[in-house]
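Visitor: Hey, got a minute to walk me through this one?
Guide: Sure, pull it up and ask away.

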Amino acid sequence: MSLHPFGIELLQFVLLLGLAPAFAGWVKTLKCLAQGRTAPGILQPYRDIRRLFGKDIVLAENASWIFRFTPYLVFGVTAVAAGIIPLISVDLPLAATADVIALVMLFGIVRFFTALAGMDIGTAFGGMGSSREMMVASLAEPAMLMAVFTVSLASNSSSLTQMVAVMGHAEFVIRPSLAFALAAFIMVALAETGRIPVDNPATHLELTMVHEAMILEYSGRHLALIEWAGMMKLTLFFALGIAAFSPWGIASDGDIGALLLAFGSLLLKLAVGALVMVLIETGLAKMRLFRLPEYLGSAFLLATLGMIAFFILE
Amino acid sequence: MPASLDIAGFAVLLLLALAVLAPLLRSVRSIQIPLAFSLGAVASLAAVVAGIMTVAAGSVASATMSVGLPGLPFHLRLDPLAGFFLVVIGLVGLFVSIYSIGYVKGYGGVRSMTQMICFYTLFLAGMLLVVLADDAYFFLVAWELMAAASYFLVMYEDEKGENRRAAFLYLLIAHVGALAILLAFGVMAGQSGASGFDGYTFDAMRSAHLSSGWAAAAFFLAFFGFAAKAGVIPLHVWLPEAHPVAPSNISALMSGVMLKTSIYGICRFAFDFIKIFPWWWGGVVLALGLISAVMGVLYALMQHDLKRLLAYHSVENIGIILIGLGLSMIFAAFHLPALAALALVAALYHTLNHAIFKGLLFMGAGAVLHATHVRNMEEMGGLIHRMPWTAPLFLVGCVSISALPPFNGFVSEWLTFQAFLLSPALPHPLLRLLIPLGAALLALTGALAAACFVKVFGVVFLGQWRGHQKPERIHEVGPSMRGGMLLAAISCLLLGILPTWVIGWLDTIPEQLCGAKLSESAGKLGWLWLTPIAHERASYSGPVVFIGILAVVAVTWLLLHVRATSVSRVPIWDCGFVKLTPRMQYTASAFSMPLRRVLGFLFAVREQVEIVPHTNHPALPGSLQYRLRIRDRFWNWLYAPQGDAAYWVARQVGRLQQGRIQIYLLYSFVTLIVLLVFLG
């Protein structure tokens with residue numbers, strides 16, 4: 001028995017929308033365990049989102065339509081990205097919508113409008129968050145591109161499904177170029193998703209806030225959408241890493257058995273990936289803002305080394 | 001059906017006729033402005049039609065006029081490359097002409113309308129003739145017509161010293177550039193082997209066989225001349241001076257279109273005249289493009305004058321276009337025609353896109369200027385509430401220039417990235433290693449541009465009003481200005497979501513210049529999917545992104561509005577601190593501070609903080625003054641020494657002047673003797 005490609009596409013949407021809060025809850029639980037705190041449980045993000053959807057909205061007097069429109073746009077763009085990154089099967093009709101480069105730029109829309117929403121109210125907090133976020137993004141982008149570039153050299157394509165298909169069928173050898181690219185990708189992904197050591201998602205301290213400062217004024221369903229989209233973005237970056245660096249186990253068509261197997265391996269990889277991230281986040285402190293250029297610069301350097309390694313060694 | 005060259009000729013003649021007839025209508029201003037600019041729009045539309053027809057058919061038409069030098073009549077030629085630039089000029093000309101009907105009224109009673117109309121139409125006609133010209137003499141006449149008309153337009157508000165200085169600098173650099181182009185034509189003609197004036201026709205240059213040394217001399221002279229016009233770093237200094245002081249409709253034309261005539265010139269010289277060149281020519285073009293792109297956007301980020309900032313972004317975007325051209329030349333030099341075609345299409349597509357979104361942004365800046373009468377972003381804020389039309393239209397421009405999907409800037413930058421990704425096909429190992437680093441710089445440029453436009457839109461349109469005058473006095477602009485911007489914004493969206501059609505249409509240009517077509521692979525899966533090389537390599541679908549986002553947004557909105565929730569409007573949360581004022585918002589300088597700190601070593605930044613103690617309580621600060629000065633290092637390194645040297649020479653020569661008639665008679669006598677000796 002086999003599933004129609006559009007069925008897989010739909011399944012993937014539902015999976016990502018449904019699983020993203022659980023994944024965020026899993027990360028939070030692991031973090032609590034690692035830091036000796038009591039965890040609220042994996043299901044806490046669902047309860048948070050439901051509670052926020054039920055609440056009324058408090059809007060600042062001079063908030064414009066940009067402020068009200070941004071949560072919907074952020075959610076919409078992230079959902080479209082969810083249809084593009086192969087999670088359980090490469091047989092996705094919408095995967096050709098964007099290649100890796102276009103995908104990175106899609107997340108650029110999210111950032112652009114979130115930053116604008118941060119400036120809309122006219123408080124110092126919002127502006128501060130936007131300004132910092134755009135700086136981090138500017139420095140992260142070249143490193144991100146270099147890492148992606150190196151991976152696409154290995155599979156001779158920047159299309160995600162093609163990358164997955166090539167990498168998934170290649171025999172397992174450790175390639176130095178991909179090792180460097182993976183290190184760079186992890187560093188940049190931490191920056192892009194706003195995790196320690198670049199940004200602290202749990203802070204509301206004015207000196208350290210980046211992403212939280214931009215969305216400080218949001219409430220009710222707006223906040224719920226932004227939070228949900230944030231969880232989806234985190235999951236998607238993991239999925240992107242998995243697709244680019246260890247796609248083994250992913251189904252090549254719509255066969256139910258293969259899909260189930262792919263789903264199991266996805267859950268396993270996500271669980272392990274979250275553990276790695278939690279260890280990084282627990283082991284490191286948040287960096288000073290002006291030390292970030294060094295951090296992102298070394299990510300760029302690693303990615304460049306990966307590319308050089310590809311040309312010289314492979 | 002009239003031939004496309006006839007339609008283009010009609011456009012030029014209509015514009016020239018307008019320049020002549022405008023003074024006759026001087027007394028009836030109510031008719032003069034709408035009539036002149038609507039006819040300008042008609043002429044631009046004619047140019048667009050002629051261009052579209054030529055490019056679509058891939059036809060070449062030429063004509064010889066009976067005017068010109070004896071032995072060198074004016075030659076006209078309309079081929080796909082020229083046709084494409086006709087479309088670029090015509091489209092922006094159309095939008096700006098519609099916009100100008102309302103914008104120019106702002107000068108009513110203060111300045112001469114006739115002057116504006118005359119030079120405006122001459123400027124447009126000059127640009128159209130530059131791309132239509134088919135001999136060196138006519139080309140330079142058109143080039144100078146364009147330069148002179150734009151000089152007078154930059155000088156339009158000539159009572160300000162700033163404007164006169166900017167216009168002089170512009171004229172100076174334009175003429176140094178024109179001189180270099182003249183020399184390049186001279187080299188081409190001298191080496192073409194044709195006798196008399198025949199060597200100066202473009203046909204002779206096409207068939208000329210130059211030795212590699214002379215070919216390099218001709219190309220780099222021409223490249224220098226065109227780079228001076230395009231504002232390629234380090235020849236960019238006039239651009240951020242001249243563009244901001246010109247009236248905004250003129251800035252839109254200068255930034256959007258005039259710079260593109262140099263791209264036309266470079267394409268003409270490299271791909272049409274010389275055709276066979278070593279790869280390092282492309283390398284030079286690529287390197288200068290990268291420098292211009294990164295430095296241009298960094299300079300832009302440091303500005304707080306809205307129009308100056310946009311002018312620096314033109315430097316950036318010319319850089320991006322040159323990146324595409326440089327890659328195309330490198331691929332062509334290694335005989336990879338399909339890849340050269342991809343890079344060339346990326347460059348041309350970006351040329352068209354930049355023309356439209358930069359035109360839109362300058363028109364938007366003009367609307368803001370019209371409404372607020374300030375150019376300094378630090379004195380604006382919250383205009384989205386006062387200008388409900390301009391704000392979203394300007395936002396479209398911001399999103400487009402920041403290369404975000406689904407708008408047009410994204411498509412051309414994405415195509416450029418794809419060209420970068422193909423560099424492993426090059427046989428040269430060093431190039432394979434170095435060229436991808438260029439892609440990283442392009443990514444940096446794109447991200448910095450996004451940061452810069454978050455700053456622009458955030459500071460100008462969002463937040464609260466920071467200025468001195470009452471915000472209630474600010475009003476939305478009139479229908480014609482809105483109309484011009486709206487058309488440009490719609491074009492940005494259409495060019496972003498229908499790239500396969502545009503590339504299919506463009507295809508005759510790379511076919512003629514590089515010998516390969518792109519549409520066979522680019523549109524293989526139908527109009528929905530853009531696949532530049534192959535479906536397996538990379539694909540993008542603008543319509544799916546656009547409709548997908550729209551659909552999810554609509555569904556989410558509907559689902560969340562089933563149940564009625566109240567939205568209560570309250571004052572901003574001030575953390576219990578009661579005196580929250582608009583001055584406490586982030587400013588443009590504050591926004592770019594982190595990046596200024598990180599990348600400031602590239603500029604001459606001087607920051608001064610001065611704290612004056614309180615008069616009664618010396619321990620408390622009374623007032624705080626913050627001064628920030630950012631200077632262009634190129635000005636200090638390259639231009640200031642030259643200016644000083646010229647001044648020094650003038651001073652030394654000035655010593656000859658004693659002010660006594662006997663001494664002057666002695667000079668004349670000595671000169672006469674010397675001349676007689678030489679003649680004898």
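Guide: What follows goes through confidence, odd backbone spots, a hairpin and the domains.

Visitor: What kind of model is it, and how are things labelled?
Guide: This is a predicted model, where local features need pLDDT of at least 70 and side-chain atom pairs count only at pLDDT 80 or more, while totals for chains, interfaces and linings use all residues. Residues are numbered from 1 along each chain as its sequence is written, and chains are lettered from A and ligands numbered from 1 in the order in which they are written.

Visitor: What's the mean pLDDT of chain A?
Guide: It's 90, with 99% of the residues of chain A at 70 or more. pLDDT is the predictor's confidence in each residue, from 0 to 100.

Visitor: And where in chain A is confidence lowest and highest?
Guide: Helix 6 of chain A is lowest, at a mean of 83, and helix 3 (residues 65–82) of chain A is highest, at 94. Helices here are DSSP runs of H or I, at least four residues, and strands are runs of E, at least two, numbered from the N terminus.

Visitor: Which peptide bond in chain A is cis?
Guide: The one from A:I196 to A:P197, with omega near 10°. A:P197 sits in the loop between helix 7 (176–192) and helix 8 (211–214) of chain A.

Visitor: What about chain B?
Guide: B:I233 and B:P234 are joined by a cis peptide bond, omega about 10°. You'll find B:P234 in the loop between helix 8 (212–230) and helix 9 (239–245) of chain B.

Visitor: Switching to phi, what's up with A:N156?
Guide: A:N156 isn't a glycine, yet its phi is positive, about 60°. It's in the loop between helix 5 (124–155) and helix 6 (160–169) of chain A.

Visitor: Is A:N156 buried or exposed?
Guide: A:N156 counts as partly exposed because it has 13 C-beta neighbours inside 10 Å. A residue is buried if 20 or more other C-beta atoms lie within 10 Å of its own, exposed if 12 or fewer, and partly exposed in between, with C-beta atoms placed from the backbone.

Visitor: Any hairpin in chain B?
Guide: Strand 1 (residues 61–69) and strand 2 (residues 72–78) of chain B pair antiparallel over six bridges; strands pair if DSSP finds at least two bridges between them. B:A63 has B:L76 in strand 2 of chain B as its bridge partner. Two residues lie between the strands, and B:G71 in this hairpin has a positive phi near 85°.

Visitor: How is chain B divided?
Guide: Into domain 1 (318–537), domain 2 (592–631) and domain 3 (635–679), with bounds from an automatic or database domain assignment. The centres of domain 2 and domain 3 of chain B are 46 Å apart, taken over C-alpha atoms.
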